[in-house]
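These are my notebook entries on a single structure. I set down what I looked up, entry by entry.

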Amino acid sequence: MIEKRLKSDAIILQIIKDLDVDFRKNDYNGWDLYDALLSKLFRKGSVLDSRYPRYIWTQVNKRFPINLRRLMLVPKSHNPKGLALILRAYCEWYRLTGEQQYLDQARQVARFLLQSRSKAINYCWGNNFPYQSRGDYYDAYCPNGITTSFAINALIDLYRITRDSELLPVIESVRAYIIDELLLHNKDGMAVFKYYEQDDYITYNATAKITESLAKIYSVTKDEALPEIIQNSYRFILSKQNPDGSWYYDESKTGKWIDNFHTGYVLVALLNIKRILGLEFGEAEIAKGLAYHMEYQYTPEKAPKYYTNSLYPIDTHCFAQSIITFSEFGKLDIAAEICKQAIRLMYDREGKYFIYSIRKHYRVRTNLLRWCNAYIFFALALYLRKRYPADPVMGERSESI
């Protein structure tokens, strides 16, 4: 039984089971860090439906120590990225246990994920809520590269287990979306992708994640047009590494900041691109980036700093990506220490969920699906599957990507 096999990680095993129960009970619906504008009070055309009220309410909803969503009539809902993370967790859990129930749940979540696609010619995904940033406004389901990347990575995980031929047209459709809508340019040996279709600036982690997904698509389809684009984008990301091994968030004047989880995005993406295509360059840059990440973005106790120069806010999102990053790089002892810190600092044992964040002077104990609990559900499942490798289940390819 899995309990005997994972005896030394019994706490993590129980947390995964408890999260699974909660997800099923809510039919995979949940609240999100940025879902404030799903409130009926902010419906289209209302007195509050303008830039500053939308932005202020989003930030208050995000940072307030008490969850205001019920009071403000914000419903729980399906978020595509949250669904994708849960789907990936079930795939990992099925690989580890071989238990049919987890594959059945993976298929159910995949159906929800496919139903939550954006309205577009090709398959793509965006957040299920409207979002107001300081400068830009995005409608619900406005497709973007990051959400689409998480979604297609999850569906490819499922395909690699089931070989379900009905997923192949979806995978091919996402390839078309990425190339037709997100490719900003591919010239002079460099390729760059946009975060949103309407963007004309470059976000480095978005290009990295999108390129990783193209590599995973190539691993399934063997589309001969993809390796050159993937390799050119890989080369571009490497070229944007800072001398100390870090990457900025984006190329703009206001994007010259470095945080923990976006660094993790870039590192894991580069690692997987290199593995899948068998590229013989970039190893030194990846090693330098990982060394920077380990030295400057964690406390001595292995709690992830949000920014290189700031511990706060301590965030479950950072813990989840950190566990994923070190699990993917095979540094399981470090991943184990981060798991312990995540449980110690962020886990609400009574509510059986991970809180959002610890600020310098208070805690935000909101139970968030995409940002926190779906993310760490996948992270913990991946960590255990890497720590206790088993023979591949029927139909699954053995290579790890």
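**Entry 1: a pair behind a loop.** I began with D223 and R175, and I found both residues to be buried. The model I am reading is a predicted one. I then looked up how the two side chains meet: D223 and R175 form a salt bridge, at 3.4 Å from N to O. I noted the places of the two partners as well. D223 sits in the loop between helix 8 (204-221) and helix 9 (226-239), while R175 belongs to helix 7 (residues 168-182). The pair links distant parts of the chain, 48 residues apart.

**Entry 2: the count.** How many salt bridges does the count come to? I recorded 14 salt bridges. I followed two further examples in detail.

**Entry 3: R88 and D157.** I looked up the salt bridge between R88 and D157, whose closest N and O atoms are 2.7 Å apart. R88 is in helix 4 (residues 80-97) and D157 in helix 6 (residues 145-162). This pair, too, links distant parts of the chain, with the two positions 69 residues apart in the numbering. Are these partners buried or exposed? R88 has a relative accessible area of 9%, so I entered R88 as buried, the cut-off being under 20%. D157 has a relative accessible area of 4% and is therefore buried as well.

**Entry 4: E92 and R385.** Next I turned to the salt bridge of E92 with R385, where the closest N and O atoms lie 2.5 Å apart. E92 lies in helix 4 and R385 in helix 14 (residues 369-387), so this salt bridge ties together parts that are 293 residues apart in sequence. I noted that E92 and R385 are both buried. I also checked for shared partners: E92, R95 and R385 are joined into one network by salt bridges.

**Entry 5: T263.** Last, I looked up a threonine, T263, in helix 10 (residues 260-277). Its relative accessibility is 5%, and T263 therefore counts as buried. What does the side chain of T263 reach at 2.6 Å? I found the backbone oxygen of D259 there. The side chain of T263 is also joined to the side chain of Q297 by a polar contact of 3.5 Å. With neighbours within four places in sequence left aside, I listed I258, H293 and Q297 as residues in contact with T263. Q297 thus appears in my notes both for its polar contact with T263 and in this list of contacts.

Conventions. Residues numbered from 1 in each chain as written. Predicted model: local features only at pLDDT ≥ 70, side-chain atom pairs only at ≥ 80, totals over all residues. Heavy atoms only, no water. Helix = DSSP H or I, 4+ residues; strand = E, 2+ residues; numbered from the N terminus. Buried < 20%, exposed > 50% of the residue type's maximum accessible area, 1.4 Å probe, protein only. Polar contact = N/O pair within 3.5 Å; in protein donor to acceptor, adjacent residues only side chain to side chain. Contact = heavy atoms within 4.5 Å. Salt bridge = Lys/Arg side-chain N within 4 Å of Asp/Glu carboxyl O.
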